[in-house]
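Q: Please take a close look at the nonpolar interior of this model and the aromatic rings in it. Which residues and elements build it, and how do the rings pair?

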Amino acid sequence: MIQDEYFSVHAGLTINVEPLDENTACPDEEAFRLEIPPLFRVASECSELEESTERLLSNFGSDDSKALIGYLGAQNTKINLLLSYVLSQQDDPAIRFTTRTFGASRLSFLSPTPLATGRTVRMKLFLNAPPAAIYCYADVIDCQPYSNQTGDANGNSGDKNSYEVHLRYSQLLENDRDLLIRAALHVQQKLLRERAQQRSNS
């Protein structure tokens, strides 16, 4: 396989994968930007604002600012809860899958049917931290029978009819790529904290 430009993590994200007809091409950059649903644009912008706010608040250190920081943090939590609920309504159960791995340039998931290498798919990715949804296109770069008969830690089925599909993004906004980097870092940091806790308890 082609080497990944960005690191990937083993984690289960909810995704929607819609294979395009073989005669349907991936849209060019201009058409892609026009096609992105407004709600996905709002989600991306909200996540950017949240990151900017966090950087701004990190510069406050006096006791006088603690009340302001607490208030803004509470408002941010409310917005994130509302945003997560609204975004969940965009999830289509008919084409829902869970990632095995994901990163800022590719992802993998298990499919009950194989997808041909080079096939283009339309995708939605639903992030938990930061709460956001991403609309993009990707190409199948590999598809192999999945041999794990017991499933995996992400809740993916491991029956004999499963195929592990690897996708590389072909149309993805740079802001959304940044969101994927932040989400992967969040998962990595969480895993490191859990391992450190396990070592301290052993």
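A: What follows goes through the nonpolar cores and then the aromatic pairs.

The model is a predicted one. Its largest nonpolar core has 30 residues, and within this core Phe 102 and Met 123 touch the most other members. Two or more residues each come from strands S2 (14-19), S3 (96-103), S4 (106-111), S5 (120-127), S6 (132-145) and S7 (163-171), and from helix H4 (174-201). S6 gives the most, with 6 residues. Once neighbours within four places in sequence are set aside, the contacts of Met 123 are Asn 16, Val 17, Leu 107, Ile 134, Tyr 135, Cys 136, Ala 138, Leu 167 and Tyr 169. A second core, separate from this one, has 12 residues, among them Phe 40, Ala 43, Leu 83 and Tyr 137.

Turning to the rings, there are 5 aromatic pairs. One of them joins Phe 32 and Tyr 137 edge-to-face, at 6.0 Å centre to centre and with 75° between the planes. Phe 32 belongs to helix H1 (residues 29-35) and Tyr 137 to strand S6, so this pair ties together parts 105 residues apart in sequence. Phe 32 counts as buried because its relative accessibility is 1%, and Tyr 137 is likewise buried, with a relative accessible area of 1%.

Phe 97 and Phe 109 form a tilted pair, with 4.9 Å centre to centre and 50° between the planes. Phe 97 lies in strand S3 and Phe 109 in strand S4, so the parts tied together here are 12 residues apart in sequence. Both Phe 97 and Phe 109 are buried. Ring pairs also link Phe 32 and Tyr 137 with Phe 40 and Tyr 135 into a cluster.

Notes: Residues are numbered from 1 along each chain as its sequence is written. This is a predicted model: local features need pLDDT of at least 70, side-chain atom pairs count only at pLDDT 80 or more; totals for chains, interfaces and linings use all residues. Side-chain values use heavy atoms; hydrogens and water are left out. A nonpolar core is a set of buried Ala, Val, Leu, Ile, Met, Phe, Trp, Tyr and Cys residues joined through side-chain atoms within 4.5 Å. Buried means under 20% relative accessible area, exposed over 50%, partly exposed in between (1.4 Å probe, protein chains only). Helices (H or I, at least four residues) and strands (E, at least two) are DSSP runs, numbered from the N terminus. Contact means heavy atoms within 4.5 Å. Rings of Phe, Tyr and Trp (its six-membered ring) pair if their centres lie within 6.5 Å; planes under 30 degrees apart count as stacked, over 60 as edge-to-face and the rest as tilted.
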